[in-house]
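This report examines how charged side chains and strands are arranged in one protein. Please keep the sequence and the structure in view while reading.

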Amino acid sequence: MSDAVMINLDAPDWNKDGESGLLPAIIQHVDTREVLMLGYMNRDALAASYDSGKVTFYSRSKQRLWMKGESSGNILTLIEVKLDCDNDSLLVLASPAGPTCHTGAHSCFGEKTASNTTFLDRLGIVIKQRHAAMPAGSYTTSLFEAGKARIAQKVGEEGVELALARMKDDKAEMANESADLLFHMMVLLEDADLSLADAISVLQDRHK
């Protein structure tokens with residue numbers, strides 16, 4: 001049995017669409033909240049998802065239960081299932097292993113559907129993975145190896161370079177230096193066991 005946060009199997013209105021017993025299931029990345037794909041589930045598919053911990057659909061073309069990634073290996077690990085207010089749509093939070101779309105794209109709705117904040121979420125995940133694995137030859141690894149003093153120094157350097165770019169009214173340089181500052185700031189936060197989400201939470205509290 002999966003450790004996912006579940007709803008009762010009898011809670012959805014499985015008969016909403018006549019005799020098919022199928023309900024739309026929107027798959028959302030658990031970390032970035034990006035919509036990855038849309039599939040269909042019946043009661044057996046949801047039960048199979050709970051049992052295996054892997055998102056399983058009912059394939060209308062194959063006319064059978066179908067676990068996402070059963071051929072490609074790009075499975076979706078089930079994290080949580082939510083039900084909408086009408087009890088006829090499922091929201092499935094999942095952790096993808098590889099691209100979700102059969103075309104090789106991260107999302108079935110295209111790479112460009114992701115917002116800028118979603119990209120930052122993905123970047124934060126990559127930085128965290130680099131910190132955990134410390135792969136050789138990675139610039140991010142070299143920063144973590146150098147320690148907090150060097151990371152803090154880089155943040156200071158990039159901040160000064162951004163300020164100088166502003167004084168020169170060089171928009172291209174401002175964009176480049178802003179990107180450098182943002183990246184090194186995210187590395188600093190990861191090194192301190194924080195994330196960009198912590199900074200955003202402070203801004204949200206101030207806004208209230």
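Which residues are linked with Arg-150 in a network of salt bridges? The network consists of Arg-150, Lys-154, Glu-157 and Glu-158. The structure is a predicted model, and the sections below describe its features in turn.

## The network around Arg-150

Within this network, the side chains of Arg-150 and Glu-157 meet in a salt bridge, with 3.6 Å from N to O. That value lies within the 4 Å limit that defines such a contact. Side chains of opposite charge can pair when their charged atoms come close.

Arg-150 is partly exposed, at 32% relative accessibility. Glu-157 is also partly exposed, at 29% relative accessibility.

## Salt bridges between distant parts of the sequence

A search of the whole structure finds nine salt bridges. One of them joins Asp-88 to Lys-16, and the closest N and O atoms of this pair are 2.9 Å apart. Asp-88 belongs to the loop between strand S5 (76-83) and strand S6 (90-96), while Lys-16 belongs to the segment before strand S1 (23-29), so the salt bridge ties together parts that are 72 residues apart in sequence. Is each partner buried or partly exposed? Asp-88 is buried, with a relative accessible area of 17%, whereas Lys-16 is partly exposed, with a relative accessible area of 46%.

A further salt bridge is formed by the side chains of Lys-128 and Glu-190, at 3.3 Å from N to O. Lys-128 lies in helix H2 (residues 116-133) and Glu-190 in helix H5 (residues 171-191), so this pair ties together parts that are 62 residues apart in sequence. Here the acidic partner, Glu-190, is buried, with a relative accessible area of 12%. Lys-128, in contrast, counts as partly exposed at 47% relative accessibility.

## Strand S6 and its neighbours

Which strands are joined to S6, and in which direction do they run? S1 and S6 run parallel and are joined by five bridges. In this pairing, Ala-25 has Leu-90 in S6 as its bridge partner. S5 and S6 run antiparallel, and seven bridges join them. Leu-78 stands opposite Ala-94 in S6.

S5 and S6 also form a hairpin, with six residues between them. In the turn, Asn-87 has a positive phi of about 60 degrees. The loop between these two strands also holds Asp-88, the residue that forms a salt bridge with Lys-16. As for its surroundings, S6 is mostly covered, since five of its seven residues are buried.

## A nonpolar patch on the surface

Which residues form a nonpolar patch on the surface? The patch is made of Ile-26, Val-35, Leu-38 and Phe-109, which together have about 320 Å² of accessible area. Val-35 is found in strand S2 (residues 35-41). At 33% relative accessibility, Val-35 counts as partly exposed.

## The annotated domain

An unreviewed UniProt entry lists residues 37-109 as "domain: Phosphoribosyl-AMP cyclohydrolase". In the model, the end C-alpha atoms of this span lie 7 Å apart. The span is 14% helix and 38% strand.

Notes
Residues are numbered from 1 along each chain as its sequence is written. This is a predicted model: local features need pLDDT of at least 70, side-chain atom pairs count only at pLDDT 80 or more; totals for chains, interfaces and linings use all residues. Side-chain values use heavy atoms; hydrogens and water are left out. Helices (H or I, at least four residues) and strands (E, at least two) are DSSP runs, numbered from the N terminus. Buried means under 20% relative accessible area, exposed over 50%, partly exposed in between (1.4 Å probe, protein chains only). UniProt positions are given in the numbering used here, feature names are shortened, and annotations may be inferred rather than shown by experiment. Patches are made of residues with over 30% relative accessible area and no salt bridge: like charges are joined within 9 Å, nonpolar side chains (Val, Leu, Ile, Met, Phe, Trp, Tyr) within 5 Å. Accessible areas come from the Shrake-Rupley method with a 1.4 Å probe; for residues, only the protein chains shown count as cover. Two strands pair if DSSP finds at least two bridges between them.
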